[in-house]
Amino acid sequence: MVFCTKCGTKNEDIAAYCSECGQKIEIISSDKSEPQVTSEGERELLHEMINVAWKSGLNNRKTLYFTDENIYVGDGSFLTGGMGFALGGIIGHYVEKKSLSDREKAARTMNFKEMAAENPNVIIIPYNEIINVEMGKKRMLLAPSIKVETTSDDYTFTVMDYNNYKQFLQSIPKILGDKVTVK
């Protein structure tokens with residue numbers, strides 16, 4: 001078990017965010033930079049997970065998984081960005097937090113290469129093809145955006161985890177280095 005540094009809540013060892021307050025939980029491990037090895041081969045480690053909206057329509061909720069080597073754009077959950085509270089008040093908010101916590105738990109042990117092989121809708125953005133990642137600043141009532149420019153395509157995502165956006169402004173540059181600009 002790990003404890004949240006903000007509220008002190010006990011969380012499972014594989015939690016990325018506190019199940020009570022949503023604070024990012026830093027997992028300190030001497031072998032964090034080493035990829036996990038499974039019988040299928042090398043598995044990429046998850047470093048950050050951001051719930052976003054992409055394009056328009058009913059299936060526009062996506063999740064950006066930042067691993068050791070790639071950004072995976074996978075299917076997201078409708079219950080992000082306060083939608084749980086909007087739909088069901090305090091109970092809906094609790095369901096949203098629980099859903100996100102469960103999704104984070106699953107992502108910590110996910111084999112991203114298998115996920116992409118099994119789902120043709122998953123987009124893989126290799127870090128070596130990224131030219132620039134522009135992170136827009138959070139403004140009043142507007143959700144911030146993340147624009148990813150690659151050698152072949154450009155992607156613009158609207159961040160639904162706007163309560164954690166300050167954290168993303170710190171974690172994404174650590175993952176991608178000087179490819180990140182904040183506007």
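These legends walk through several close-up views of a predicted model.

**View 1. The whole chain, for orientation.**
Before zooming in, it helps to meet the protein chain as a whole: three helices and 12 strands are found in it. The chain has 183 residues, and 43% of them are buried. Its accessible surface is about 10500 Å², with 53% of that area belonging to carbon and sulfur atoms. Contacts across the sequence are worth a look too: of those with a separation of 6 or more, 47% are between residues 24 or more positions apart. The views below pick out some of the places where separate parts of the chain meet.

**View 2. Strand β5 and its two partners, β6 and β11.**
Start with β5, a strand that is mostly covered, as seven of its eight residues are buried. On one pairing, β5 runs antiparallel to β6, and seven bridges join the two. To find your place along this pairing, look for E48, whose bridge partner in β6 is F66. β5 also pairs with β11, again in the antiparallel sense, here through two bridges. A good marker for this second pairing is A53, which stands opposite T158 in β11.

**View 3. W54 and F157, a tilted ring pair.**
This view shows one of the five aromatic pairs that a search of the whole structure finds. The ring centres of W54 and F157 are 5.7 Å apart and the ring planes make an angle of 45 degrees, so the pair is described as tilted. These two residues come from distant parts of the chain, 103 residues apart: W54 belongs to the loop between β5 (46-53) and β6 (61-67), while F157 is in strand β11 (residues 154-159). Are the two residues buried or exposed? W54 has 14% relative accessibility and is therefore buried. F157 is buried as well, with a relative accessibility of 1%.

**View 4. Y155 joins F157 to make a cluster.**
Stay with F157 and bring Y155 into the picture: the two form a stacked aromatic pair, with 6.2 Å from centre to centre and 10 degrees between the planes. Y155 has a relative accessibility of 11%, so this residue is buried. Put this view together with the previous one and you have one aromatic cluster, made of W54, Y155 and F157.

**View 5. T150 and its surroundings.**
Y155 also leads us to T150, a residue of strand β10 (residues 145-150). With a relative accessible area of 7%, T150 is buried. What does the side chain of T150 reach? It is the backbone oxygen of D153, at 2.7 Å. Leaving aside residues up to four places away in sequence, T150 touches I125, E129, I130, I131 and Y155. Y155 is thus a handy landmark here, being part of the aromatic cluster with W54 and F157.

**View 6. The salt bridge between K62 and D75.**
Two salt bridges are counted in this model, and this view shows one of them. K62 pairs with D75, and their closest N and O atoms are 3.5 Å apart. The two residues are 13 residues apart in the chain, with K62 in strand β6 and D75 in strand β7 (residues 70-75). How covered is each of them? K62 counts as buried because its relative accessibility is 13%. D75, in contrast, has a relative accessible area of 42% and is partly exposed.

**View 7. The salt bridge between K147 and E134.**
Here K147 forms a salt bridge with E134, and the closest N and O atoms lie 3.9 Å apart. K147 is in strand β10 and E134 in strand β9 (residues 130-135), with their positions 13 residues apart in the chain counted as the distance apart. Both ends are partly exposed: K147 has a relative accessible area of 37%, and E134 has one of 23%. The backbone tells a matching story, since E134 stands opposite K147 in β10.

**View 8. Strand β9 between two neighbours.**
Our last view follows β9 to the strands it pairs with. β9 and β10 run antiparallel and are joined by five bridges. With strand β12 (residues 180-182), β9 pairs in the parallel sense, over three bridges. To locate this parallel pairing, find M135, which stands opposite V182 in β12.

Notes. Residues numbered from 1 in each chain as written. Predicted model: local features only at pLDDT ≥ 70, side-chain atom pairs only at ≥ 80, totals over all residues. Heavy atoms only, no water. Phe/Tyr/Trp six-rings, centres within 6.5 Å; stacked < 30°, edge-to-face > 60°. Helix = DSSP H or I, 4+ residues; strand = E, 2+ residues; numbered from the N terminus. Buried < 20%, exposed > 50% of the residue type's maximum accessible area, 1.4 Å probe, protein only. Polar contact = N/O pair within 3.5 Å; in protein donor to acceptor, adjacent residues only side chain to side chain. Contact = heavy atoms within 4.5 Å. Areas by Shrake-Rupley, 256 points an atom, 1.4 Å probe, with all protein chains shown as cover. Pairing = 2+ DSSP bridges. Salt bridge = Lys/Arg side-chain N within 4 Å of Asp/Glu carboxyl O.
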